[in-house]
Each structure stands twice: as C-alpha cells, then as structure tokens.
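Q: I'm new to protein structures and would love a close look at one part of this one. Could you walk me through how the strands of the sheets are arranged?

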Amino acid sequence: MAEDINPWSSTPKVSIEKLIENFGIDHFEPQKARFSDAPVFMRRNIVQGHRGYDQIADAIIGKKPFHVLTGFMPSGHPHLGHLMVMKEVVWHIKHGGDGFISIADREAHAVRGLSWEKCDEYAREYISCLYAMGFEGEIYAQRKNNALKDLAFEAACKINFSNLSAIYGFGPETELAHAVSVSMQVADILYPQLAAGIAPTVVPVGIDQDPHIRLTRDVANALRLFLVEDRGTHISIRAKTASAEAIAAVAKAFPGAKKYEGHIDLPAGYNAAEVDGIVRGIEQQFGGFGFMLPSSTYHSFLMGFQGGKMSSSVPDSLIWFDDADQDVKKKIMGAVTGGRQTLEEQKKFGGEPDKCAIYQLNKFHMQEDDTELKMMCEACKAGELMCGTCKKETLERVRAFLADFKEKRDEVAHKVAEW
C-alpha cells in the first residue's frame, strides 16, 4: 500500500482516518484525557493519531526521562504550515523531554537536489523559528553528525529493497542516494537514545511521515539482541543475535532463571517491562543498542489558502514568516472559505467552517481562546459572521503574530549565528 502515502509529496491526499484503518495507527482521543493542561493541538483534535504514545504520557505524568525529536528538510523557507510541529516539540520539552532536531540536509540534497550551501541557508531560518518558539536541546545537520552516520549504516544493514519497495514504492529508477536518505531518517529517530540514553522517544510529525516511523520501529526491533516475551506463567527471554557470553550475563542477572540453548525462562513474579529494561542494559554492554520502539503523534495538515495542504510549491497557499504585509493581506483576503455564493445564502444557510481556510488558521494558531473559537464557529454556521469580516479580524491576528514572532527571532539571532 505504498501508493497510499508519500513522505515527499507536497500535496498528500491520504486522510488520517484511512491511515488509522490501513496501518494500525491509534486514535489520539483517549490520550488527551490524561492531561489536565492539554494544549491546543490536543484539545482541538489537531493531533488525531499516534503510535505508542502511552509510554510518553506515562513518562510525562510520572516525571520520568523521555526524548522528543522531529526533523525539518531545509528545502525552502519555513512558513505557517511548519508551526504546529514546532509547537508540539516545544510543549514536550517543557513537560520534561530532551529535545532533538534533525536538519535533514542529506534528504534535501538527495531528493530535492539542493546545494549544501542552500541547505544551510534554509536551516538557519528553521533554527531561528525553533529558538524563537522556546526550543532547548540539540540541533544537528545530518551530514555533520558522525555518530548519526554510523547509526544510519547500522540501520541500513537491517533494511532491504523489498522493505523500501513495500513501504515507499521505490523501484529500479529510484536513485541510491534517495534510499540512503531513508536509512538516515531511521537513524534520526533512534539517535536521541544513542546520544542521551535509552528512553521513550516521541516523534511529532504530519501524517504523511508515517512510513518513516513504521520502518524505524521495524529496524529498532531488528537491532535487538534479545526478545522479551511475557508468556503469562513465565517470562521468556529469547536470544536473537546475542553471543553466548551475553546470554550467560542475562541468566546471571535474574535469580531463579533457567538457561536453555538460545533462551532463558524466568519464573512468575518478574515484571516484563522491568526485565526488558535490564536486558536492554546488558545488550549495550555486549555491543548492542537496546533501543526502545519510538512513538509518534500525527497531526492533520493546516489547510492552504487555495484549498488542500499548505505547500511551498504553491506560494499563494501559505504565509512565509517573512512575507511582506501586502502579500499577507492579499493571501488572507483571497483565501478559500466555507462561505456561500451570495450574502443572502450566507445569512440563510450559514457558512461551513470545516471547509474554510480562515477558520482552520484560527483553529490551529490564531485563536488561543477556545470559547472565542467556538463563538466564531457558531456565528459562521448561523449566518451571523460574514467572510469579509472574519478575514479582516484574522488578518489583524496574523499581523500581530508575525510582528511578535519577528521580535523573538531577532532576540535569538545570536544563537543561530553560533550554529
């Protein structure tokens, strides 16, 4: 089903509901109920799906270590469409996560053909935005991170072209550099555990990036030396590629363990999660990685002003953070809305905010107050709020946001210069 989703497409057509059905993504709704201070992207169901987020929520609530990573391909200027994932990363950092950002310059070079100099130029713009948002942690370029490149090689040893064909639809015409960039993506997702210790890791991404998450979870499993299984009556620790010495060390770590050829059984009373943690540590002692499966969240796309997804390939669909005021005004006032054909019809039938780029912009970013957003939605549906009025009010919010964001980016310019 590789044709269902393409991480490099500027206008993915797949819906989150289709992916949830086809690829085993879980609905996020039960997760947000666990937080008393759920942010906008949770409260408003902008984040709709996840893989393994339970362990991240557990870490946040239990104040235990976890990592948060995402990546940006420096193939163009940052814009409002990138803002959501930045907010998600910063929120997780403020709730105890160790922050990591990958500047996917190798991917931009391989897939989009950009020069390294241009990649660095765009990268600094993204970094400026991230620091202005309050990011703290490690930001690295793929091509300059030697530990990452070594990890990508290890990941590549567990990936074959059948995997790439099934997940991404790669064929004989696919350039080798494109395939190599995929192993680098896998390494990015696993890198926080290599750099800062084994811990749950969440990767906030748009729904189109799920293929990278699925492949990485497969690779993380393939890199394990042992498999820990709770059999109900006992816990079985099965050696995958572990040496005899590693197997002996695992058996020694658990009183009452019974060692067989290729596996170890533990009697009832042991906790599988705790056993797995100890086994991971032993794996590292014997040259393994012991990675935990990465988690992910999937947010829906911010609607472009011309319909569809905000995309840099359609400049009128988005607002760049450095757009001139006249361009901002032109794009917002010319945006597709959920309004009716005539003023009469609008008053009679009301608008359709779910189809409106302006309402979606407010829902995602420009209206922090839930009550105000609800009133806007209801007034639109009741035919009381006209599109022209709504656009003008939104334009003022966008202007205020961009002015404030520009000030914050100027304040962190020294950090960008150091990168």
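A: Here is a friendly tour that begins with one sheet and then moves to the other. This is a predicted model, in which local features need pLDDT of at least 70 and side-chain atom pairs count only at pLDDT 80 or more, while totals for chains, interfaces and linings use all residues. Residues are numbered from 1 along each chain as its sequence is written, and side-chain values use heavy atoms, with hydrogens and water left out.

Let's start with the sheet that holds strand E3. Seven strands form an open sheet here, in the order E1-E2-E11-E6-E3-E4-E5, and the pairing is mixed. At its edges are strand E1 (26-27) and strand E5 (138-141), each of which pairs on one side only. A strand here is a DSSP run of E with at least two residues, a helix is a run of H or I with at least four, and both are numbered from the N terminus. Two strands pair if DSSP finds at least two bridges between them. As general background, strands of a sheet pair through backbone hydrogen bonds, either parallel or antiparallel.

Now zoom in on E3, residues 67-72. Five of its six residues are buried, so E3 is largely enclosed by the rest of the structure. Buried means under 20% relative accessible area, exposed means over 50%, and partly exposed lies in between, using a 1.4 Å probe and protein chains only.

E3 pairs with strand E4 (residues 98-103) in the parallel sense, over six bridges. Within this pairing, Gly71 stands opposite Ser102 in E4. Follow Ser102 onward and you reach E5, where Tyr140 stands opposite Ser102. E4 and E5 also pair in the parallel sense, over four bridges.

The other sheet makes a nice companion. Four strands form this open sheet, in the order E7-E8-E10-E9, and their pairing is antiparallel. Its edge strands are strand E7 (226-230) and strand E9 (258-259), each pairing on one side only. E9 and strand E10 (residues 263-266) are joined by two bridges in the antiparallel sense. One bridge partner to look for is Asp265 in E10, which is matched with Lys258. Helix H13 (residues 272-285) packs on this sheet, touching E7, strand E8 (235-239) and E10, and its direction makes about 170° with that of E7. Contact means heavy atoms within 4.5 Å; axes are lines fitted to C-alpha atoms, for helices over the stretch in contact, and angles run from 0 to 180 degrees between N-to-C directions.
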